Amino acid sequence: MKYFLTLIIVVALTSLLSAKPVSIFNGKNFSGWEGPLESFRIEDGAIVGGNLNHPIPKNQFLSTKKKYGDFELRLKFKLVGEKANAGIQFRTERIPNHHEVIGYQADMGGRYWGALYDESRRRKVLTGPDLDK
């Protein structure tokens with residue numbers, strides 16, 4: 001029985017660890033995504049937020065409609081503009097009838113590169129670069 005249980009665990013772990021990557025963006029349209037689409041566009045197969053001519057008046061969040069369990073997110077990004085402020089939200093939920101979300105953000109821009117920010121709950125940097133430097 002012990003051997004059989006070990007075999008089941010090994011087979012289960014093998015299938016989990018060998019899962020094939022899943023693309024969450026098709027590079028063509030916002031199928032499977034939700035949010036204020038007027039603040040985002042697709043250029044050359046990439047999602048682009050905002051523009052360099054007009055500031056965005058408040059935080060905007062584009063999110064997948066599907067929820068994911070355990071995952072490894074891999075992406076490429078480019079941040080341009082003076083005082084650019086952006087991030088990637090994960091383990092995040094939309095606040096009903098509100099433009100904000102609740103969850104974690106991997107911050108990008110300014111002094112906050114690589115910081116982990118708690119969006120809308122504690123509204124604080126949980127860990128990241130030493131901001132006193």
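**Notes on the hairpins, the sheet and a pocket**

1. Let's start with a small piece. Strands β2 and β3 make a hairpin with 2 residues between them, and D44 in that turn has a positive phi of about 50 degrees. The pairing is antiparallel, with residues 40-43 (β2) set against residues 46-49 (β3) over 4 bridges. If you want one pair to click on, try E43, whose bridge partner in β3 is A46.

2. A word on how far to trust what you see: this is a predicted model. The mean pLDDT of the protein chain is 83, and 85% of the residues reach 70 or more. Residues 1-7 are another matter, with pLDDT below 50 and 0 contacts in the model beyond near neighbours in sequence. Residues 10-14 also have pLDDT below 50, again with 0 contacts beyond near neighbours in sequence. Where pLDDT is low, the predicted coordinates shouldn't be read in detail, so I'd leave the path of those stretches out of any discussion.

3. Now for the sheet. Four strands line up in the order β5-β6-β7-β8, with antiparallel pairing, and the sheet is open. At the edges sit β5 (86-94) and β8 (124-127), each of which pairs on one side only. From one strand to the next, the twist averages 30 degrees.

4. Take the β5 and β6 pairing next. These two run antiparallel over 7 bridges. Look at A86 to get your bearings: its bridge partner in β6 is M108. The hairpin that joins β5 and β6 has 6 residues between the strands, and within that hairpin N97 takes a positive phi near 60 degrees.

5. How many bridges hold β6 (residues 101-108) and β7 (residues 116-119) together? There are 4, in the antiparallel sense. You can follow the register residue by residue: A106 has L116 as its bridge partner in β7, Y104 has D118, and G103 has E119. When you step along these strands, keep in mind that in a regular strand the side chains alternate between the two faces of the sheet.

6. On the other side of β7 comes the edge strand β8. The β7 and β8 pairing is antiparallel over 3 bridges, and one pair to look for is Y117 with its bridge partner V125 in β8. This hairpin has 4 residues between the strands, and S120 takes a positive phi near 75 degrees.

7. Which residues line the second largest pocket? They are F71, L73, R74, L75, F77, I88, F90, A106, D107 and M108. The pocket has a volume of about 200 Å³. Strands β5 and β6 are the elements that give two or more residues to this lining, and β6 gives the most, with 3 residues.

8. What is the lining of that pocket like by class? It has 8 nonpolar residues, no polar ones and 2 charged ones. R74 and D107 are both on the lining list, so they make up the charged part, since Asp and Arg count as charged.

9. One last link between the sheet and the pocket. A106 is on the pocket lining and is also the residue whose bridge partner in β7 is L116. M108 is on the lining too, and it is the bridge partner of A86. If you have the structure open, those two residues are a handy place to look at the pairing and the pocket together.

Terms used: Residues are numbered from 1 along each chain as its sequence is written. This is a predicted model: local features need pLDDT of at least 70, side-chain atom pairs count only at pLDDT 80 or more; totals for chains, interfaces and linings use all residues. Side-chain values use heavy atoms; hydrogens and water are left out. Two strands pair if DSSP finds at least two bridges between them. Axes are lines fitted to C-alpha atoms, for helices over the stretch in contact, and angles run from 0 to 180 degrees between N-to-C directions. pLDDT is the predictor's confidence in each residue, from 0 to 100. Contact means heavy atoms within 4.5 Å. On a 1 Å grid over the protein atoms alone, a cavity is a set of points where a 1.4 Å probe fits but cannot get out, and a pocket is an open set with protein on both sides within 12 Å along at least five of seven lines; lining residues have an atom within 4 Å of a point. Grid points are joined across faces, edges and corners, and a volume is the space filled by probe spheres set on the points.
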